[in-house]
Amino acid sequence: MLNAGGGIAVAFESLPRGPVHIAFQGSQSETFSVWTTTTRHGFRTTPKVPADLVTLRFVNSGYMSRDNAAGQNIVAGFGQALFTSYLEMRSEMASPGFSAISATVSREALDRAWLSLYGAGRNRPPTFEIVADVTTPGMIALRSTLSLLQHQLLDNQGSDSLMTSLLEELLIYQLLSAWPSSGAPDTSSAAPVEHRAIRLAMEYIESNLARKMEISEIATAAGVSVRMLQLMFKARLGCGPFSYLIGRRLDQVHNALQTSDAASIRETAHRWGFVHMADLSRRYKERFGCTPTQTRARRTCRNS
């Protein structure tokens, strides 16, 4: 029944003489599919249709082995992540007790993000290592964004969220920057801060704060690449453009909760792109030292 259904690009088989248990939880958007997998007994998959996709998979328990077109067998276990090019994969095997969080994105989307990140004149994305250590700061951040995006897609229930597109863009830039690879450009030294570009970027953010916005269009408005924008924001403001934009939307939630009781906290949060309420509470408390509920309660006390 699973193999007969649509929407899954691989066919599943149980391991020899074994029972079947496979559990999924996830969702998808136009750019990403994000899901968790657990299995008590293990399984094997083979591609059903050709597709120019890549999959990144963080292993939580057990291991997964992969056979590719070159005849190599690659194994990734706990504390490792696996990068799979769908066109190069011949089969994958998940061990009994395997669990992981994974995401699939098209090679075309990867190429577009590479061009936005580093600008014209760069070659295609570098050659990514098939198995990567997940303990580096960049990979930890990538995994955290992947988990948050999964929650966002599940909580969003198909509605168009201001946060979802930003998380997808951040995830793909983190993948390009943090995943070990060969042939990536050297970006260890920050370029000089361009005050005019920073000002243009900040003005663009303020003018478009209430609508869906991507980091790449902010960079275009400022006349720089995404990577240059990231370097300039960190040098001038101490944070990246993603964090700055989220912070400004948190300010709008904070102001609304202080000045009006017309909308609920959830309605106010949704207006400014925050669908996953646990994530909102965490970010809100980090910025303002209290929760949204406490802010609303203080206003109620002042007005009573």
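**Close-up 1. Helix H6 packs through its buried residues against helices H1, H3, H4, H5 and H7.** The model is predicted. The partners span residues 107-118 (H1), 162-178 (H3), 195-207 (H4) and 215-222 (H5), with H7 completing the list. On the H6 side, the buried residues are Val-226, Arg-227, Leu-229, Gln-230, Leu-231, Met-232 and Phe-233.

**Close-up 2. Helix H6 from end to end, with the glycine that follows.** H6 has 12 residues. From first C-alpha to last, H6 reaches 16 Å. That is close to the 16 Å expected at 1.5 Å a residue. Just after the helix comes Gly-238, with a positive phi of about 80°.

**Close-up 3. Aromatic pairs, with Phe-233 and Tyr-244 in view.** A search of the whole structure finds eight aromatic pairs. In one of them, Phe-233 meets Tyr-244 edge-to-face. The ring centres lie 5.6 Å apart, and the planes make an angle of 65°. This pair links distant parts of the chain: Phe-233 sits in helix H6 (residues 226-237) and Tyr-244 in helix H7 (residues 241-259). The two residues are 11 residues apart.

**Close-up 4. Burial of the Phe-233 and Tyr-244 side of the pair.** Phe-233 has 0% relative accessibility, so Phe-233 counts as buried. Tyr-244 has 16% relative accessibility. Buried means under 20%, so Tyr-244 counts as buried too.

**Close-up 5. A cluster of aromatic rings.** Phe-58, Phe-83, Phe-128 and Trp-179 belong to this cluster. Ring pairs link them.

Technical notes. Residues are numbered from 1 along each chain as its sequence is written. This is a predicted model: local features need pLDDT of at least 70, side-chain atom pairs count only at pLDDT 80 or more; totals for chains, interfaces and linings use all residues. Side-chain values use heavy atoms; hydrogens and water are left out. Rings of Phe, Tyr and Trp (its six-membered ring) pair if their centres lie within 6.5 Å; planes under 30 degrees apart count as stacked, over 60 as edge-to-face and the rest as tilted. Helices (H or I, at least four residues) and strands (E, at least two) are DSSP runs, numbered from the N terminus. Buried means under 20% relative accessible area, exposed over 50%, partly exposed in between (1.4 Å probe, protein chains only). The expected span of a helix is 1.5 Å times one less than its number of residues. Contact means heavy atoms within 4.5 Å.
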